[in-house]
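Biologist: Could you take me through one part of this model in detail? I'd like a close look at a single metal site and whatever is packed around it.

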Amino acid sequence: MQTTAGRAWWPDRSIELNPKLRECAPEELWRTLKHELAHLIAYERCGRRHTDPHGPEWATACTELGIPGEHPFHTLPFKRRRMKRNHVYICSNCLTTIHRVQPLQRTVACYDCCRKFNGGAYHERFRLVKKKPEA
Ligand SMILES: [Zn+2]
Ligand SMILES: [Zn+2]
């Protein structure tokens, strides 16, 4: 769910939408919903024979749902914004997180913790650890 707008689950017949879609235009949300719905229709029609998720069955269903020429890959306005600050570091002591556009070039410790517990000097214990980007 990192950058995808939505996902269709089969055979659950359920659709998952990225909560970030709320920040987008309503048309965007509807388009995504129809895109995912087209997946379910294609699966419903072809079942196990259906191999290519964005194959002709899916494209046909898209046209029927009113989004002909739909692109297989969702591009959303928030995608670029989210990519900007994707380096997240966390202090394992106080759990403060910092966000950086560029990765940290050197080892950095949590400023607050060093000041509070170590007289302002660097301590390994308060080193900021890189966190995986949020999904
Ligand atoms: Zn799709
Ligand atoms: Zn800290």
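Modeller: The zinc ion (ligand 2) is held by four protein donors, C91 (SG), C94 (SG), C110 (SG) and C113 (SG), lying 2.3 Å from it. Donors here are N, O and S atoms within 2.8 Å of the metal (3.2 Å for Na, K and Ca), and water is not among the atoms, so sites may look incomplete. This is a predicted model, where local features need pLDDT of at least 70 and side-chain atom pairs count only at pLDDT 80 or more, while totals for chains, interfaces and linings use all residues. Residues are numbered from 1 along each chain as its sequence is written, chains are lettered from A and ligands numbered from 1 in the order in which they are written, and side-chain values use heavy atoms, with hydrogens and water left out.

Back to the zinc ion (ligand 2): its site is tetrahedral, with angles of 107 to 112 degrees among the four donor atoms (the label asks that all angles lie between 85 and 135 degrees). Along the chain the donors are spaced C-x2-C-x15-C-x2-C. One pair links distant parts of the chain, with C91 in strand β3 and C113 in helix α4, 22 residues apart. (Helices are DSSP runs of H or I, at least four residues, and strands are runs of E, at least two, numbered from the N terminus.) C91 is buried, with a relative accessible area of 0%, and C113 is buried too, at 2%; buried means under 20%, exposed over 50%, and partly exposed in between, with a 1.4 Å probe and protein chains only.

Now the packing. C91, C110 and C113 also belong to the largest nonpolar core, eight residues that include Y89, F126 and L128 as well. Such a core is a set of buried Ala, Val, Leu, Ile, Met, Phe, Trp, Tyr and Cys residues joined through side-chain atoms within 4.5 Å. Strand β3 and helix α4 (111–118) are the elements that give two or more residues to this core. Leaving aside neighbours within four places in sequence, L128 is in contact (heavy atoms within 4.5 Å) with residues including the donors C91 and C110.

Strand β3 also has a place in an open, antiparallel sheet of three strands, ordered β4-β3-β5. β4 (97–100) and β5 (128–131) stand at the edges with a single partner strand each, so one side of each has no neighbour in the sheet. Strand β3 (residues 87–91) pairs with β4 over four bridges, where pairing takes at least two DSSP bridges, and I90 has T97 in β4 as its bridge partner.

Note on methods
Four donors count as tetrahedral if all angles lie between 85 and 135 degrees; four count as square planar and six as octahedral if opposite donors are over 155 degrees apart and all others between 65 and 115; anything else is irregular.
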